[in-house]
Amino acid sequence: MNLPNRNNLVYISTIFFIVLILFHMPAGAVSTGPSLTISGLTGEEAAYQGYPYQGTVTVRNSGDQTSGITTLYIFFRSPDNPDLNATISALPVDPIRPGTDITLPYIGTVSKDLPSGQYYVYGYVKGSGRNPEKTGTIARITSPVPVLSKPLPDREALHKEIISTIQTVTNQNRIEEGLKPLIWDENLANIAEKYAEESARTGRLSHTDKNGDGPSERAKQTGYPVTKDIEGGVRIGIAENLAYIGTGMVAGVGYVDPTNGTAIGQALMDGWMKSPGHRKNILDPLADRFGAGLFWNGEYYYAVSEFW
């Protein structure tokens with residue numbers, strides 16, 4: 001008697017599985033696939049140029065199959081000028097099972113250049129149904145939302161708030177690890193500030209500057225000592241952390257409020273603490289002082305911390 005080989009067994013099992021599915025499918029039934037609709041949309045009663053705007057959106061799958069990953073857009077549109085649009089947020093939407101819905105929070109920054117006036121808030125979700133002409137579903141908040149002008153935070157005050165947050169959170173992280181807080185060193189802060197500006201203006205993020213000098217060489221050029229006695233020996237060199245970050249929705253970070261210095265400083269610190277090398281500098285038990293600098297180039301904040 002010849003037994004079927006393994007490939008034949010797989011083939012037989014596969015055929016049986018397909019027949020079983022067909023056997024249980026009701027006669028004449030046709031799958032409609034997933035069908036996404038926006039069943040709820042909320043937002044704040046007023047929006048301000050350059051400030052965050054937020055709300056919630058509910059998406060329902062009224063089809064008979066689980067949807068794929070898609071994107072949902074929230075945008076402003078002028079009722080008097082339909083060509084005047086401003087996207088507030090683009091949200092990834094995970095698969096939704098048939099007959100269920102999900103509610104997502106959204107947040108985005110209103111463009112500083114969006115003219116003041118009345119706008120409708122719209123939600124648009126890309127559909128994943130089988131009708132190629134139905135590319136998505138759109139919904140609108142019933143009442144228009146006024147977009148208003150409000151003074152933005154003073155850039156210098158925002159700068160100081162970010163630096164203060166870096167200083168505070170650096171020492172909070174050290175204390176949590178049982179380490180002594182670092183002494184703020186204004187000379188190191190000036191060195192960091194100068195290098196942050198150079199990095200921002202050149203768009204380079206490197207510990208080596210345009211002249212080929214590193215943090216210790218740059219410190220030495222200002223007269224700062226780069227050698228000190230420590231228990232059991234001598235320490236040579238300045239440790240340095242670098243970063244740049246934008247505002248609004250930042251990949252891998254989330255939403256960073258451009259009007260909130262504490263939020264910006266915290267986002268910078270979170271990034272450093274998640275990086276082994278940067279974290280090591282922050283939690284260096286042999287360091288006893290540090291300074292931080294910052295520069296905004298109109299698109300990104302460049303931040304530098306020097307440790308000694």
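Begin by selecting residues 227-230 and 233-236, which are strand 11 and strand 12, and you will find them paired in the antiparallel sense over four bridges. The model on your screen is a predicted one, and that should be kept in mind at each stop of this tour. Within this pair, show Ile230 and Gly233 together, since Gly233 in strand 12 is the bridge partner of Ile230. Strand 11 and strand 12 form a hairpin with two residues between them, and in the turn you can pick out Gly232, which has a positive phi of about 90°.

Next, turn to a sheet of three strands. Select strand 1 (36-43) and strand 6 (101-109), and add strand 3, which covers residues 52-61; together these three strands form an open sheet in the order 1-3-6, with antiparallel pairing. Strand 1 and strand 6 stand at the edges, and each has a single partner strand, so one side of each is left without a neighbour in the sheet. If you look from one strand to the next, the twist averages 25°. As a general point, the strands of a sheet pair through backbone hydrogen bonds, either parallel or antiparallel. To see one such pairing in detail, stay with strand 1 and strand 3, which run antiparallel and are joined by seven bridges, and label Gly40, which stands opposite Thr58 in strand 3.

A further sheet comes next, and its pairing is mixed: this open sheet has four strands, in the order 10-16-17-13. Select residues 183-184 for strand 10 and residues 239-245 for strand 13, which are the edge strands, each pairing on one side only. Then add residues 289-296, which make up strand 16, and you will see that strand 10 and strand 16 pair in the parallel sense over two bridges. Here Ile183 is the residue to label, as Ile183 stands opposite Arg289 in strand 16.

Now move to the helices by selecting residues 155-176, which are helix 2, and residues 261-274, which are helix 5; the two pack at an angle of about 40°, with their axes 8 Å apart. That angle makes helix 2 oblique to helix 5, and the crossing of the two helices is right-handed.

The remaining stops are pockets. For the largest pocket, select Lys112, Arg155, Thr247, Pro258 and Trp296, which lie nearest its centre among the 19 residues that line this pocket. About 430 Å³ of space lies in the largest pocket, and the residues of its lining divide into eight nonpolar, eight polar and three charged.

Finally, go to the second largest pocket, which has a volume of about 210 Å³. Which helices each supply at least two residues of its lining? They are helix 3 (186-202) and helix 4 (215-221), and helix 3 gives the most to this lining, with five residues. Residues to select around the second largest pocket include Asn190, Lys194, Glu198, Asp209, Arg218 and Gln221. By class, the lining of the second largest pocket has two nonpolar, four polar and six charged residues.

Terms used: Residues numbered from 1 in each chain as written. Predicted model: local features only at pLDDT ≥ 70, side-chain atom pairs only at ≥ 80, totals over all residues. Heavy atoms only, no water. Pairing = 2+ DSSP bridges. Axes fitted to C-alpha atoms, helices over the stretch in contact; angles between N-to-C directions. 1 Å grid on protein atoms, 1.4 Å probe; cavity = no way out; pocket = protein on both sides within 12 Å on 5 of 7 lines; lining within 4 Å. Points joined across faces, edges and corners; volume = space filled by probe spheres on them. Nonpolar A, V, L, I, M, F, W, Y, C, P; charged D, E, K, R; others polar. Parallel < 35°, antiparallel > 145°, perpendicular 65-115°, else oblique. Left-handed = near helix turned anticlockwise from the far one by under 90°.
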